[in-house]
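Me: Please take a close look at one part of this protein for me, the nonpolar patch on its surface. Tell me also how far the coordinates can be trusted.

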Amino acid sequence: MKEKTKKPLSFTEGPIFSSLIRFALPVLGSLILQAAYGAVDLLVVGWFGDAASISAVGTGSSFMQMVTFIITSLAMGTTVTIGQHIGEKKPEEAGRAIGTTILLFSVLGVVLTVLLEAFAGPLASILQVPAESFDKTVLYIRICSGGLLVIIAYNVISSILCGVGNANLPFLFVGIACVVNIVGDLVLVGLLRMDVAGAAIATVLAQLVSVVASLAVLKKQELPILFSLKQCRFYARQLKLILNVGVPIAIQETMVQISFLVINSIVNNMGLMPSAGYGVAQKIVSFIMLVPSSVMQSLSAFVAQNVGAGKRERAWKGFLTAMLSGCSLGVFIFLAGFFGGGVLSSLFTSDPEVIVQSAAYLRGFSAECILTCILFSSIGYFNGCGNSLPVMVQGISSAFLVRIPVAMLMASLPDTNLTLVGLSTPITTLYGILFFLVCFSWLKRKRGKL
């Protein structure tokens with residue numbers, strides 16, 4: 001990759017709002033398409049399968065989504081490290097970060113693939129998957145795990161491009177994956193009646209085509225990075241920078257996702273219909289959460305470049321801008337989730353009981369649409385600063401001290417329902433917001449002393 005003469009999107013100059021929007025829109029588009037090709041599995045299985053198949057894809061895809069989130073979180077270390085090197089105008093250091101990243105994630109991918117293939121059955125047992133959908137869930141996890149290296153490759157490429165301020169190419173690549181997955185689901189699940197196995201195969205195939213296309217496109221791109229294949233080795237300084245940021249974020253995301261899997265197991269224990277309804281609701285939630293997720297990713301890259309350039313005041317203004325913009329849009333998403341849960345759920349299944357269960361969960365969850373924009377903006381700011389330790393502490397404490405206990409309490413109440421279980425998430429986010437208010441206060445005092 002040679003140093004480019006034409007400047008990429010720069011976060012260190014120009015209007016803050018327009019810079020964030022120009023980056024956030026393709027990020028949001030990528031997330032929408034990524035959620036879409038995940039939701040298509042459940043959508044098509046819902047059309048051609050039964051409640052057991054819906055439950056299997058819902059639980060299996062939730063678990064694989066957890067694995068993907070952990071990988072993406074660790075890759076955030078690469079995004080922040082490259083972003084800071086770009087802000088410092090050190091393209092050679094950015095190239096070394098890429099080489100370290102490629103080797104690091106290759107090793108991680110092999111280890112995770114072996115573990116997930118070996119323990120898919122015990123994992124399904126831990127998740128308390130209903131007996132009717134147990135074998136199908138195990139099959140879905142094993143097939144998707146077989147393509148884990150491909151999933152990792154896509155996320156590593158995206159993290160590198162986000163670090164240099166290019167969100168358009170990831171948008172293109174995930175668009176390709178979405179189209180391939182839709183076609184694959186319709187052929188394998190609809191035409192060939194392969195049920196859950198067809199949905200999993202279509203997902204892996206879509207990622208593979210996307211990675212091949214991305215590598216072909218990247219060969220013709222010029223990025224503001226000096227990189228060659230000889231740099232695919234561990235550089236101690238780059239590895240330390242990547243892990244210092246990525247590991248706390250990955251630990252935080254792991255704990256958060258484990259807590260959601262615990263909630264999934266709690267719901268599975270409530271019966272087949274609540275399990276199927278929760279699976280449908282989680283697919284809708286994956287769309288609802290796209291706005292705060294795009295805000296967090298965009299803000300992390302924005303803050304990283306400005307911190308690297310020594311413009312901390314601009315980084316702070318970017319945080320405030322992102323938070324207010326996200327909350328404004330979050331109000332409308334909240335209304336859609338709270339009042340239109342039944343209509344949204346009917347897109348994934350025609351079973352009236354599953355629709356009722358899904359809509360019930362969304363009513364309890366929907367306040368999260370506004371609150372999480374504040375929380376995710378805070379996370380994005382600390383990640384971009386390279387200070388991800390508060391993010392890790394908040395994630396672990398909220399998962400095990402708030403979300404899981406509250407969900408268990410709600411599920412144990414007499415005549416409980418999924419609305420009460422859904423409330424555990426916004427309650428947890430309120431705690432997270434209070435936590436970061438304390439962190440910001442501490443950070444302000446520390447900088448004041450300096």
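Reply: pLDDT is the predictor's confidence in each residue, on a scale from 0 to 100. This is a predicted model, and the protein averages a pLDDT of 83, with 96% of the residues scoring at least 70. Among its elements, helix H5 (residues 134-146) has the highest mean pLDDT, 91, and helix H1 (residues 16-48) the lowest, 77. Over residues 1-7 the pLDDT is below 50, although this stretch has 17 contacts in the model beyond near neighbours in sequence. Where pLDDT is low, the predicted coordinates should not be read in detail.

Now the patch. Its members are Val179, Val183, Val187, Leu191, Leu192, Met194 and Ile201, and together they have about 600 Å² of accessible area. Helix H7 (residues 168-191) supplies the largest share of the patch, 4 residues. Ile201, another member, lies in helix H8 (residues 195-218). Ile201 has a relative accessible area of 34%, so it counts as partly exposed, and that value is over the 30% that a patch residue needs.

For contrast, consider a residue at the other end of the scale. Thr78 sits in helix H2 (residues 51-87). Thr78 is buried because its relative accessible area is 0%, where buried means under 20%. Leaving aside residues up to four places away in sequence, Thr78 touches Thr101, Phe105, Ser159, Ile160 and Ile242.

Conventions: Residues are numbered from 1 along each chain as its sequence is written. This is a predicted model: local features need pLDDT of at least 70, side-chain atom pairs count only at pLDDT 80 or more; totals for chains, interfaces and linings use all residues. Side-chain values use heavy atoms; hydrogens and water are left out. Patches are made of residues with over 30% relative accessible area and no salt bridge: like charges are joined within 9 Å, nonpolar side chains (Val, Leu, Ile, Met, Phe, Trp, Tyr) within 5 Å. Accessible areas come from the Shrake-Rupley method with a 1.4 Å probe; for residues, only the protein chains shown count as cover. A salt bridge is a side-chain nitrogen of Lys or Arg within 4 Å of a carboxyl oxygen of Asp or Glu. Helices (H or I, at least four residues) and strands (E, at least two) are DSSP runs, numbered from the N terminus. Buried means under 20% relative accessible area, exposed over 50%, partly exposed in between (1.4 Å probe, protein chains only). Contact means heavy atoms within 4.5 Å.
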